[in-house]
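Thank you for making time this morning. I would like to walk through one structure with you, taking the strands, the disulfides and a few individual residues in turn.

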Amino acid sequence: QVQLVESGGGSVQPGESLRLSCAASGIIFSMSTMYWYRQAPGKQREVVAGLINPGSTTYADSVKGRFTISGDNAKNTVYLEMNSLKPEDTAVYYCMTYCTGNGCSTSGNWGQGTQVTVAS
């Protein structure tokens, strides 16, 4: 069974930082592609960053230079370091994988999401 468990969300002020974590189980992490998506109220879900193992990354233009995605194969965990946060970064952040392993969906497997709120 594939499980993705996000943590690290919270409320911060503009300019501050947060680090999100996504612990994966039931997948071969080193052979899986990991993404962070976000969805703000009234908006469509959008991709924020991607980690294509063994180390290629991709970012949305809106977060380039501020956010960093990384992975720890030993911990089966993907991180999203978010710096210089802006109010427009406020959203529910979701971990998603196109994974390798039993239980992996061809349409992707999703975590439950974690709320990030950036406000003065």
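Before the strands, one term: two strands are said to pair if DSSP finds at least two bridges between them. Please also keep in mind throughout that what you see is a predicted model.

With that term in hand, let me begin at strand β8, where the bridge partner of Ser21 is Tyr79. That bridge belongs to the pairing of β3 with β8, which is antiparallel and extends over six bridges. On the β7 side, β8 again pairs in the antiparallel sense over six bridges, and there Thr68 is the residue that stands opposite Glu81 of β8. How many of the six residues of β8 are buried? Five of them are, so the strand is largely enclosed by the rest of the structure.

The connection between β7 and β8 deserves a closer look, since the two strands form a hairpin with four residues between them. Asn76 sits in that loop, between β7 at 67-72 and β8 at 77-82, and its phi is near 50°, a positive value in a residue other than glycine. As background for the backbone angles, most residues other than glycine have a negative phi. Asn76 counts as partly exposed because its relative accessible area is 23%, and the cut-off for buried is under 20%. A second residue of this kind is Ser84, which is not a glycine and yet has a positive phi of about 50°. Ser84 is found in the loop between β8 and β9, and with a relative accessible area of 41% it is partly exposed.

Moving to the other partner of β3, I turn to strand β1, residues 3-7, which is joined to β3, residues 18-25, by five bridges in an antiparallel arrangement. In that pairing Gln3 has Ser25 of β3 as its bridge partner. Strand β1 has two faces: Leu4 and Glu6 make up the covered one, while Gln3, Val5 and Ser7 make up the uncovered one.

Glu6, on the covered face of β1, is the residue I would ask you to inspect with some care. Which side chain of opposite charge is nearest to Glu6? It is Arg45, at 7.8 Å, and Glu6, although buried, has no salt bridge. What the Glu6 side chain does reach is backbone: the nitrogen of Cys95 at 2.7 Å, and the nitrogen of Gln112 at 3.0 Å. Setting aside neighbours within four places in sequence, the contacts of Glu6 include Ser21, Cys22, Trp36, Tyr94 and Thr114.

Two of the residues that Glu6 touches, Cys22 and Cys95, bring me to the disulfides, of which a search of the whole structure finds two. As a reminder, a disulfide is a covalent bond between the sulfur atoms of two cysteines. Cys22 and Cys95 are joined in this way, with an S to S distance of 2.1 Å. Cys22 lies in strand β3 and Cys95 in strand β9, residues 91-98, so the pair ties together parts that are 73 residues apart in sequence. Both Cys22 and Cys95 are buried, and the torsion about their S-S bond is about -80°, so this disulfide is left-handed.

The other link is formed by Cys99 and Cys104, whose sulfur atoms are 2.0 Å apart. With -125° about its S-S bond, the Cys99 and Cys104 link is left-handed too, and Cys99 itself is buried, at a relative accessible area of 15%. If the bonded cysteines are numbered in sequence order, the pairing reads 1-2, 3-4.

My last residue is Val116, which is located in strand β11, residues 114-118. Is Val116 buried or exposed? Its relative accessibility is 0%, so it counts as buried. Apart from residues up to four places away in sequence, Val116 touches a set of residues that includes Gly9, Gly10, Leu18, Leu20, Met82 and Tyr93. Val116 and Val92, although 24 residues apart in sequence, have C-alpha atoms 6.0 Å apart in space.

To close, I would come back to two points for discussion: Glu6, which is buried and has no salt bridge, and Asn76, in the turn of the β7 and β8 hairpin, with its positive phi of about 50°.

Note on methods
Residues numbered from 1 in each chain as written. Predicted model: local features only at pLDDT ≥ 70, side-chain atom pairs only at ≥ 80, totals over all residues. Heavy atoms only, no water. Buried < 20%, exposed > 50% of the residue type's maximum accessible area, 1.4 Å probe, protein only. Disulfide = S-S within 2.5 Å. Lys, Arg positive; Asp, Glu negative; His and termini not counted. Salt bridge = Lys/Arg side-chain N within 4 Å of Asp/Glu carboxyl O. Polar contact = N/O pair within 3.5 Å; in protein donor to acceptor, adjacent residues only side chain to side chain. Contact = heavy atoms within 4.5 Å.
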